Amino acid sequence: MRISIVVATAAASLGLAGAAAAGGWATVKMSAYPGNAEPGKPWNVDLTVLQHGVRPLAGVRPVFRIRSLRTGEERSFPAAPTATRGVYRASVVFPGPGRWDYEIDDGFGETHTYAPVVIGEPAAPAARGAQGDGAPAAIGIALGAFGVVAAALAVLALARRQRRRPATA
């Protein structure tokens with residue numbers, strides 16, 4: 001009976017890991033930090049979209065979005081595919097100086113958010129250093145499921161080993 005519980009747990013864990021691996025998530029890497037942009041001038045950035053953080057993803061439509069923290073003004077800049085698979089280029093214009101929120105919709109179902117950036121003014125040290133890649137929580141779920149599966153398989157191996165040993169009198 002104990003073995004059937006372990007097998008059921010392992011099967012459920014494999015289902016979770018399979019769902020995480022088959023799901024649709026991606027990471028986005030930027031070729032440049034927007035803090036180098038000048039107000040009112042185009043800032044060109046290449047966005048590399050990687051499915052599951054590994055495979056370059058073609059056929060998506062990423063969008064770079066900005067929002068002024070002072071006025072609330074929002075703008076969106078669609079990124080166009082380049083000659084390189086999974087790389088898209090956006091030409092972003094921050095209309096004026098100040099602190100701006102920015103995010104990237106990877107076109108694959110996830111919006112990646114980043115720490116605010118200061119444009120056209122001296123940057124506060126904390127604002128320049130915080131740049132994430134937006135990796136989703138699915139990685140943590142997949143790793144946790146893998147751990148559960150590994151533990152279940154270890155218990156199964158021990159149970160088999162005990163059944164194979166001859167009984168001693």
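The structure holds four aromatic pairs, and they make a friendly way into this predicted model. Two of these pairs share a residue, Phe64, so let us begin with them.

## Rings that meet

A pair of aromatic rings is described by the distance of the centres and the angle of the planes. Take Trp43 and Phe64 as a starting example: their ring centres are 5.7 Å apart and their planes stand at 70°, so this pair is edge-to-face. The cut-off that matters here is that planes over 60 degrees apart count as edge-to-face. Because Trp43 sits in strand S2 and Phe64 in strand S4, the pair ties together parts of the chain that are 21 residues apart in sequence.

How are the rings of Phe64 and Tyr102 arranged, stacked or edge-to-face? Their centres are 5.7 Å apart, but the planes meet at 10°, so this pair is stacked. It also links distant parts of the chain, with Phe64 in strand S4 and Tyr102 in strand S8, 38 residues apart.

Are these rings buried or exposed? Trp43 counts as buried at 7% relative accessibility. Phe64 is buried too, with a relative accessible area of 0%, and Tyr102 counts as buried at 2%. For all three, the test is a value under 20%. Trp43, Phe64 and Tyr102 also belong, together with Tyr114, to one aromatic cluster.

## The nonpolar core

Phe64 turns up again when we look at the largest nonpolar core, which has 25 residues. Phe64, Val92 and Phe94 are the residues with the most contacts inside this core. Several strands each supply at least two of its residues: S1 (26–30), S2 (42–51), S4 (63–68), S7 (87–93), S8 (98–105) and S10 (117–119). Strand S2 gives the largest share, four residues.

Which residues does Val92 touch, once its neighbours within four places in sequence are left aside? Val92 is in contact with Lys41, Pro42, Trp43, Val45, Phe64, Ile66 and Phe77. Two names in that list, Trp43 and Phe64, are familiar from the edge-to-face pair.

## Charged partners

Side chains of opposite charge can pair when their charged atoms come close. How many salt bridges does a search of the whole structure find? The search finds six, and the table shows some of them.

| Salt bridge | Closest N to O distance |
|---|---|
| Arg89 and Asp46 | 2.6 Å |
| Arg65 and Asp105 | 3.4 Å |
| Arg67 and Asp101 | 2.6 Å |

Let us see where these partners sit. In the salt bridge of Arg89 and Asp46, the pair links distant parts of the chain, with Arg89 in strand S7 and Asp46 in strand S2, 43 residues apart. Arg89 is partly exposed, with a relative accessible area of 44%.

The salt bridge of Arg65 and Asp105 joins strand S4, which holds Arg65, to strand S8, which holds Asp105, across 40 residues of sequence. Arg65 is partly exposed at 27% relative accessible area. The side chains of Arg65 and Asp105 also make a polar contact at 3.4 Å. Beyond its neighbours within four places in sequence, Asp105 is in contact with Arg61, Pro62, Val63, Arg65, Glu110 and Thr111.

Arg67 and Asp101 form a salt bridge as well. Since Arg67 lies in strand S4 and Asp101 in strand S8, this pair ties together parts that are 34 residues apart in sequence. Both partners are partly exposed: Arg67 has a relative accessible area of 31% and Asp101 one of 21%. Finally, salt bridges that share partners join Arg65, Glu103 and Asp105 into one network.

## An exposed residue

Thr113 belongs to strand S9 (residues 111–113). Is Thr113 buried or exposed? Thr113 is exposed, with a relative accessible area of 53%. Aside from neighbours within four places in sequence, Thr113 is in contact with Tyr102 and Glu103. Thr113 and Arg65 are 48 residues apart in sequence, and their C-alpha atoms are 9.6 Å apart in space.

## The whole chain

Stepping back, the protein chain has three helices and ten strands. From the N terminus, the order is α-β-β-β-β-β-β-β-β-β-β-α-α. Of its 169 residues, 32% count as buried. Among contacts between residues at least 6 apart in sequence, 61% join residues at least 24 apart. The chain exposes about 9,900 Å², and carbon and sulfur atoms supply 59% of that area.

Conventions:
Residues are numbered from 1 along each chain as its sequence is written. This is a predicted model: local features need pLDDT of at least 70, side-chain atom pairs count only at pLDDT 80 or more; totals for chains, interfaces and linings use all residues. Side-chain values use heavy atoms; hydrogens and water are left out. A nonpolar core is a set of buried Ala, Val, Leu, Ile, Met, Phe, Trp, Tyr and Cys residues joined through side-chain atoms within 4.5 Å. Buried means under 20% relative accessible area, exposed over 50%, partly exposed in between (1.4 Å probe, protein chains only). Contact means heavy atoms within 4.5 Å. Rings of Phe, Tyr and Trp (its six-membered ring) pair if their centres lie within 6.5 Å; planes under 30 degrees apart count as stacked, over 60 as edge-to-face and the rest as tilted. Accessible areas come from the Shrake-Rupley method with a 1.4 Å probe; for residues, only the protein chains shown count as cover. A polar contact is a pair of N or O atoms within 3.5 Å; within protein, one must be able to donate a hydrogen and the other to accept it, and residues adjacent in sequence count only if both atoms are side-chain atoms. A salt bridge is a side-chain nitrogen of Lys or Arg within 4 Å of a carboxyl oxygen of Asp or Glu.
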